[in-house]
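Here are my notes on this model, as numbered points. Please read them with the structure open.

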Amino acid sequence: MSRLLYISQSNLVDGERSVQEQVHEIARSSADRNRKVGLTGSLLFVDNHFIQVLEGDTATIETVFERICCDFDHREVKLIDLVPVKDRLFGHWHMAVMSEDDDTVLPLRDELQHIRFLVGVNAWSAVDQMRECLQMRTASERQLVP
């Protein structure tokens, strides 16, 4: 099993659907495809950049990453890290999504921008921060459910 981390610039533009709607649709369709092939991970969208973690079978990850590299929604795709792992960090999510938008509270927006910075400095820390943000968001969503 492997974990891949990449960053790319977005080619998405507002049109019939907002960029945020398009990002969430990308995450939904990715989750559906990932569920079928046994991948898990997270997609972060901040400062017009995609930052994504994929976990699962190495050959499957390589196939998906090749498709991403050819996808016109992305430009300047940069592989940051591809490492063998024993355990999944994103095992609960076939494709979780976090994005910076007008409704994002300031602490989360700051955290997402910090993750973008970490991607270029320390891949492990960036992945760990992504997981922590997801866990905090999931915990807070559970508190809101009556």
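1. Start with a charged residue in a covered place. This is a predicted model. Arg-3 has a relative accessibility of 8%. The cut-off for buried is under 20%, so Arg-3 counts as buried. Its partner is Glu-55: the two side chains form a salt bridge, with N to O at 2.9 Å. The pair ties together distant parts of the chain. Arg-3 sits in strand S1 (residues 2–10) and Glu-55 in strand S3, 52 residues apart. Glu-55 is buried too, because its relative accessibility is 0%.

2. How many salt bridges does the structure hold? The count is five. Beyond the Arg-3 and Glu-55 pair, two others deserve a look. Asp-32 and Arg-35 form one, with the closest N and O atoms 3.3 Å apart. Both residues belong to helix H1 (residues 19–37). They are three residues apart, about one turn of the helix. Asp-32 is partly exposed, at a relative accessible area of 43%. Arg-35 is also partly exposed, at 46%.

3. Helix H4 (residues 123–144) holds another pair, Asp-128 and Arg-131. These residues form a salt bridge, and their closest N and O atoms are 2.4 Å apart. The spacing is three residues, about one turn of the helix. Are these two residues buried or exposed? Asp-128 has a relative accessible area of 16% and is buried. Arg-131 stands at 17% relative accessibility and counts as buried. Both values fall under the 20% limit for buried.

4. Now strand S2, residues 40–46. The strand is mostly covered, with seven of its seven residues buried. Thr-40, Ser-42, Leu-44 and Val-46 point one way. Gly-41, Leu-43 and Phe-45 point the other way. Residues on both sides are buried.

5. What does S2 pair with? One partner is strand S3 (residues 49–56), in the antiparallel sense over seven bridges. Leu-44 stands opposite Ile-51 there. The S2 and S3 hairpin has two residues between the strands. In this hairpin, Asp-47 takes a positive phi near 50°. Strand S5 (residues 96–99) also pairs with S2, in the parallel sense over four bridges. In that pairing, Leu-43 stands opposite Val-97.

6. Next, the largest nonpolar core, which has 20 residues. Which members touch the most others? They are Leu-44, Ile-51, Phe-90, Met-98, Ile-115 and Met-130. S1, S2, S3, S5, helix H3 (106–119) and H4 each give two or more residues to this core. The largest share comes from H4, with six residues. Leu-44 and Ile-51 have already appeared, as opposite residues in S2 and S3.

7. A second, separate core has 18 residues. Its members include Val-23, Ala-31, Leu-43 and Ile-68. Set this beside point 4: Leu-44 belongs to the largest core, while Leu-43 belongs to the second. These two residues point opposite ways from S2.

8. Phe-90 merits its own check. Leaving aside neighbours within four places in sequence, Phe-90 is in contact with Thr-40, Gly-41 and Ser-42, among others. The contact list also includes Val-53, Glu-55, Val-127, Met-130, Arg-131 and Leu-134. Two names here recur from the salt bridges: Glu-55 pairs with Arg-3, and Arg-131 pairs with Asp-128.

9. Look at Gln-52 as well, a polar residue in strand S3. At 6% relative accessibility, Gln-52 counts as buried. What does its side chain meet? The Gln-52 side chain makes a polar contact with the side chain of Tyr-6, at 2.6 Å. With neighbours within four places in sequence left aside, Gln-52 is in contact with Leu-4, Leu-5, Tyr-6, Ser-42, Leu-43, Ile-68 and Met-95. Among these, Leu-43 and Ile-68 are members of the second core.

10. Last, a loop residue. Gly-120 lies between H3 and H4. Gly-120 counts as exposed because its relative accessibility is 68%, and the cut-off for exposed is over 50%. Its C-alpha atom is 7.7 Å from that of Ile-80. Along the chain, Gly-120 and Ile-80 are 40 residues apart.

Technical notes. Residues are numbered from 1 along each chain as its sequence is written. This is a predicted model: local features need pLDDT of at least 70, side-chain atom pairs count only at pLDDT 80 or more; totals for chains, interfaces and linings use all residues. Side-chain values use heavy atoms; hydrogens and water are left out. Buried means under 20% relative accessible area, exposed over 50%, partly exposed in between (1.4 Å probe, protein chains only). Two strands pair if DSSP finds at least two bridges between them. A salt bridge is a side-chain nitrogen of Lys or Arg within 4 Å of a carboxyl oxygen of Asp or Glu. A nonpolar core is a set of buried Ala, Val, Leu, Ile, Met, Phe, Trp, Tyr and Cys residues joined through side-chain atoms within 4.5 Å. Contact means heavy atoms within 4.5 Å. A polar contact is a pair of N or O atoms within 3.5 Å; within protein, one must be able to donate a hydrogen and the other to accept it, and residues adjacent in sequence count only if both atoms are side-chain atoms.
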